[in-house]
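Student: Could you help me see how charged side chains pair up in a protein? I'd like to learn the reasoning behind the labels.

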Amino acid sequence: MWKQQVHPGHPSAYAHFAQFEDAFKAESDRGMAVLAMCVVEDLLHERIKEIVGVNFPEMVKLLAPPGRWSVLADAATMLGLLSPAEREDLKLLIAVRNRFAHKAMDSLAFDHPDVADQLSRLKIYERFQVDGPTPGTPRERFLNGVAGIYLLIRMRAGVSPFEPVPDLHMSAT
């Protein structure tokens with residue numbers, strides 16, 4: 001995990017990441033998949049409300065309808081909270097979360113071949129330059145991918161809406 005400041009100008013980023021990681025370590029794979037993504041969903045709703053809700057509260061429901069992950073991911077990109085590449089990573093994480101949430105009676109784990117394959121396609125690790133190896137297990141890849149998206153959204157607080165954002169590259173310094 002990250003042991004140093006994750007991004008210059010954001011000294012609290014590691015603390016947020018560590019808190020995020022600690023919150024879900026003890027969860028089952030299903031619990032982690034669903035609950036970790038709930039935290040990201042809540043943060044996206046909060047950020048969208050901050051950007052458009054003050055002047056257009058009725059627009060929050062259109063841009064961030066509860067339970068509509070695809071709409072939420074697209075709105076986050078349109079509002080500058082995620083780059084298009086980051087949105088694609090979020091959509092992969094959403095697909096994994098949905099497998100766990102909507103196949104409740106199936107025995108499912110992060111090391112299931114289909115889930116592991118989806119997680120192997122995450123690109124977020126190419127944008128984070130961190131000392132040490134890329135997370136090896138599918139469970140680690142999922143948790144670190146979700147935490148990375150969470151951090152990116154937190155660090156873009158106060159963005160100008162409707163401005164495209166570049167991928168945010170981070171390195172431990």
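Tutor: Let's start with a group: in this predicted model, salt bridges link Asp 74, Arg 87, Glu 88 and Lys 91 in a network. Across the whole structure, a search finds nine salt bridges.

Student: What makes Arg 139 and Asp 29 a salt bridge?

Tutor: Their closest N to O distance is 2.5 Å. The cut-off is within 4 Å, so the pair qualifies. Arg 139 sits in helix α8 and Asp 29 in helix α2, 110 residues apart, which links distant parts of the chain.

Student: Why is Asp 29 called buried?

Tutor: Asp 29 has 18% relative accessibility, and buried means under 20%, so Asp 29 counts as buried. Arg 139 has a relative accessible area of 22%, so Arg 139 is partly exposed.

Student: How do you know that Arg 47 forms a salt bridge with Glu 50?

Tutor: Their closest N and O atoms are 3.2 Å apart, and the limit is 4 Å, so the label fits. Both residues lie in helix α2, three residues apart, about one turn of the helix.

Student: Which label, buried or partly exposed, does Arg 47 get?

Tutor: Arg 47 is buried, because its relative accessible area is 7% and the cut-off is under 20%. Glu 50, with 42%, is partly exposed, because that value falls between 20% and 50%.

Student: What does the salt bridge of Arg 99 and Asp 114 tie together?

Tutor: Arg 99 lies in helix α5 and Asp 114 in helix α6, so the pair ties together parts 15 residues apart in sequence.

Note on methods:
Residues numbered from 1 in each chain as written. Predicted model: local features only at pLDDT ≥ 70, side-chain atom pairs only at ≥ 80, totals over all residues. Heavy atoms only, no water. Salt bridge = Lys/Arg side-chain N within 4 Å of Asp/Glu carboxyl O. Helix = DSSP H or I, 4+ residues; strand = E, 2+ residues; numbered from the N terminus. Buried < 20%, exposed > 50% of the residue type's maximum accessible area, 1.4 Å probe, protein only.
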